[in-house]
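Here are a few short exercises on charged side chains, each with a worked solution. Keep the structure open and try each task before reading on.

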Amino acid sequence: MYRLVVIDDEYIVVQGIKALISRLKLDYEVVGAAYDGIQGLEVIRSEKPDVVITDIRIPGLDGLSVIEAAKEDCPDTYFIVISGYSEFVYAQRALTLGVKDYIDKPVTADKLKNALTRIEDEWAKTRHEDNRKAQANREKFQELERIFESSVKCITNCDAAAFREECRQAIRCLQELYPELQDFRREFYKHLCVLSDVLIESQKQVERGSLVSFQEMEKCQSIEAVQAYGKSVLSDISKHLTADQTGSKHRVILELLTYLDEHYDQDIGLSELADRAGMSTAYLSVLFKTEVGTSYVKYLTDLRIKKAKKLLQDGYKVNEVSEMVGYNNYRYFCDIFKKHEGMTPNEYKGNVWKAEG
């Protein structure tokens, strides 16, 4: 029986999913549930489930931030995103790389069963794969992930020449990984959608829908036709890339960092930060990592621990410091602090006193 965790700020949704799994007699056991991102991350790290179902918009840490942080400790966990109408395109496109499936609200028995069945099918295929082929595929997937990340950086940095080279490698890698027409067409379309979305967010004058078309891709009935259409879309993206050196993106990140330095003690999810910057959550996630050199979750954690150490040095109690740096859950704060510093807050405070003595 597979182990599953559900995260949603609506009690009725969490209980509804539990009831559906029981009624449908699915081969899953709900081993944990949470109603905010911080608690959800704690449950994931504790239970190490096979599957996590999480809403995008949850307090504390939004769904994307939870997934990003959880993957460090649970790399084999599969994630399913629940999305409302406003996040539908984001869930369908930007999260297809890394998230196994999405369920649009309202969650119904058929939607839940189909998503979980697809994951079981994927597990079944993985178990029967030849070890040598599986290893080769893992290396190719890693290469494709590197190519994708590099392509995104090329777009955000307006480097058309490097982007074209990455595109050539991406097409080769996609065809090696997905030799069948239907699979190749599907995965190439996903790749094009995400890159198009990044360009649209990067250059506001580019109209949505002007780059990639699902209908046009579906018309392609051969590998060669899919390649030709995909190359035309990538060529259009390349044409939009210019040597814009205004530094506007850099200024936006600097403003957000200043905001975080002043409001680190509050519940600030990546989606809230994206709303403040007027960007999509997916694009800000990429831009933040490109400009700052680390993920948003890790940056905020590092900032809070840095502030906590200063407060502990100033003599504040550990439970006071926990709340002052934005952790309402005292035990969670102590766990994060120990993971970050290699010692508990009380141990750190004791070392400070010894040094002063």
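**Exercise 1.** Work out whether E10 is buried, partly exposed or exposed, then find its salt-bridge partner and say why the pairing links separate parts of the chain.

*Solution.* Note that the model is a predicted one.
- Step 1: E10 has a relative accessible area of 35%. Buried would need under 20% and exposed over 50%, so E10 is partly exposed.
- Step 2: The E10 side chain forms a salt bridge with that of K105, at 3.4 Å from N to O.
- Step 3: E10 sits in the loop between β1 (2-7) and α1 (11-24), and K105 in the loop between β5 (101-104) and α5 (109-128), so the pair ties together parts 95 residues apart in sequence.
- Step 4: K105 is also partly exposed, at 31%.

**Exercise 2.** Which helices hold E341 and K309?

*Solution.*
- Step 1: These side chains meet in a salt bridge with an N to O distance of 3.5 Å.
- Step 2: E341 belongs to helix α16 (residues 330-341) and K309 to helix α14 (residues 296-313), so the contact joins parts that are 32 residues apart in sequence.
- Step 3: E341 is partly exposed at 25%, and K309 is partly exposed at 23%.

**Exercise 3.** Is E187 buried or exposed, and which residues share its salt-bridge network?

*Solution.*
- Step 1: E187 has a relative accessible area of 13%, so it is buried.
- Step 2: Its side chain pairs with R186 at 2.9 Å, N to O, and R186 is partly exposed at 36%.
- Step 3: The network links D183, R186, E187 and K190.
- Step 4: For the model as a whole, the count is 22 salt bridges.

Note on methods
Residues numbered from 1 in each chain as written. Predicted model: local features only at pLDDT ≥ 70, side-chain atom pairs only at ≥ 80, totals over all residues. Heavy atoms only, no water. Salt bridge = Lys/Arg side-chain N within 4 Å of Asp/Glu carboxyl O. Helix = DSSP H or I, 4+ residues; strand = E, 2+ residues; numbered from the N terminus. Buried < 20%, exposed > 50% of the residue type's maximum accessible area, 1.4 Å probe, protein only.
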